[in-house]
Amino acid sequence: MACFIRQPARLRADVPRVSKIVAGIGAAAVCGVIALTVMCGYVKGLPVFELFTKGAAEGMHTAIKLLPTLLGLIVGISMLRASGFLELFSALLRPVAEVLNIPAELMPLILLRPLSGSGSVSYVTELYSAYGADSVISRLAAILSSSTETTFYAAAVYFSGRGYKTLRYTIPAALCGDLAAVLLTLLSVRLFG
């Protein structure tokens, strides 16, 4: 939204109208995709409604199966943030962050992102309001939140959904990918601004 502050008043007045148009196009696109899917099923002679209800029942079964895992993960992340552990662990990792030239403000985001997407989004929002959207910290936070994965959440959903009990190499490999994303984010912002 910071880019709208510098624009003339007449351009700022058009923003709500443009957002309504974009929202209308999005709603029409969703309706179009649904209609196209139903038409293709009908043309192929498939029982579209029966397949839909069967898929909905399977989805409900999967959601109920995932509920305990997700509930445990959400409670654990909430306790982690409320207890102040992220700030304490960030302070312990400060010497490593200084060697890698990672801003201290980003350490909680780096630690939180593999655990929770919504928690990391709220932290990025806090960074935006504290430093402004055009600051280096905010740019780094935006790139980090879009280039890293919610590793533990994704593993919990996919592995428990399929009934797997062991993760073996999945978590270490995914965390290596997250670390690579962090290092490449720092490098790219330093090289390209």
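Helix H3 gives the second largest pocket the largest share of its lining, six residues. That's one way into this structure, which is a predicted model. Below is a quick tour of two pockets, two helices and a couple of buried residues.

**The second largest pocket**

- This pocket has a volume of about 200 Å³.
- Two elements, H3 (48-83) and H7, each give two or more residues to its lining.
- If you want to find it in the model, look for Leu70, Leu73, Ile74, Ile77, Ser78 and Arg81, which are among the lining residues.
- Further along the chain, Leu115, Ser116, Gly117, Ser118, Gly119 and Tyr153 line the second largest pocket too.
- Sorted by class, that lining has six nonpolar, five polar and one charged residues.

**The largest pocket**

- The largest pocket comes in at about 440 Å³.
- There are 25 residues in its lining, and the closest to the centre are Ile110, Leu111, Pro114, Leu179 and Val182.
- Helices H4 (85-92) and H5 (94-100), along with H6 and H10, each put at least two residues into this lining.
- H10 supplies the largest share here, with six residues.
- As for chemistry, the lining of the largest pocket has 22 nonpolar residues, one polar residue and two charged ones.

**Helix H10**

- H10 has 23 residues, which at 1.5 Å a residue should span 33 Å, and its end C-alpha atoms sit 32 Å apart, so the two figures agree.
- Its buried residues are Ile171, Asp178, Ala181, Val182, Thr185, Leu186 and Val189.
- Those buried residues pack against four other helices: H5, H6, H8 and H9.
- Val182 turns up twice in this tour: it is buried in H10, and it is also one of the residues closest to the centre of the largest pocket.

**Helix H8**

- H8 covers residues 136-147, so to speak a run of 12 residues, and reaches 16 Å from its first C-alpha to its last, close to the 16 Å expected.
- Buried in H8 are Ile137, Ser138, Leu140, Ala141, Leu144 and Ser145.
- Seen down the helix axis, these buried residues fall within an arc of 160°, so they line one face of H8.
- In general, an α-helix has 3.6 residues a turn, so residues three or four places apart point the same way.
- The partners that the buried residues of H8 pack against are H6 (107-112), H7 (117-131) and H10 (170-192).

**Leu106, a buried loop residue**

- Leu106 belongs to the loop between H5 and H6.
- Its relative accessibility is 0%, so Leu106 counts as buried.
- Leaving aside neighbours within four places in sequence, Leu106 is in contact with Leu127, Ile137, Leu140, Ala141 and Leu144.
- Leu106 and Ile137 are 31 residues apart in sequence, yet their C-alpha atoms are 7.4 Å apart in space.

**Thr151, in helix H9**

- Thr151 is found in H9, which runs over residues 151-162.
- With a relative accessible area of 4%, Thr151 is buried.
- Setting aside neighbours within four places in sequence, Thr151 is in contact with Pro114, Ile171, Ala174, Leu175 and Asp178.
- Of those contacts, Ile171 and Asp178 are listed among the buried residues of H10, while Pro114 is one of the residues closest to the centre of the largest pocket.

Note on methods. Residues numbered from 1 in each chain as written. Predicted model: local features only at pLDDT ≥ 70, side-chain atom pairs only at ≥ 80, totals over all residues. Heavy atoms only, no water. Expected span 1.5 Å × (residues − 1). Buried < 20%, exposed > 50% of the residue type's maximum accessible area, 1.4 Å probe, protein only. Arc of directions from axis to C-beta. Contact = heavy atoms within 4.5 Å. 1 Å grid on protein atoms, 1.4 Å probe; cavity = no way out; pocket = protein on both sides within 12 Å on 5 of 7 lines; lining within 4 Å. Points joined across faces, edges and corners; volume = space filled by probe spheres on them. Nonpolar A, V, L, I, M, F, W, Y, C, P; charged D, E, K, R; others polar.
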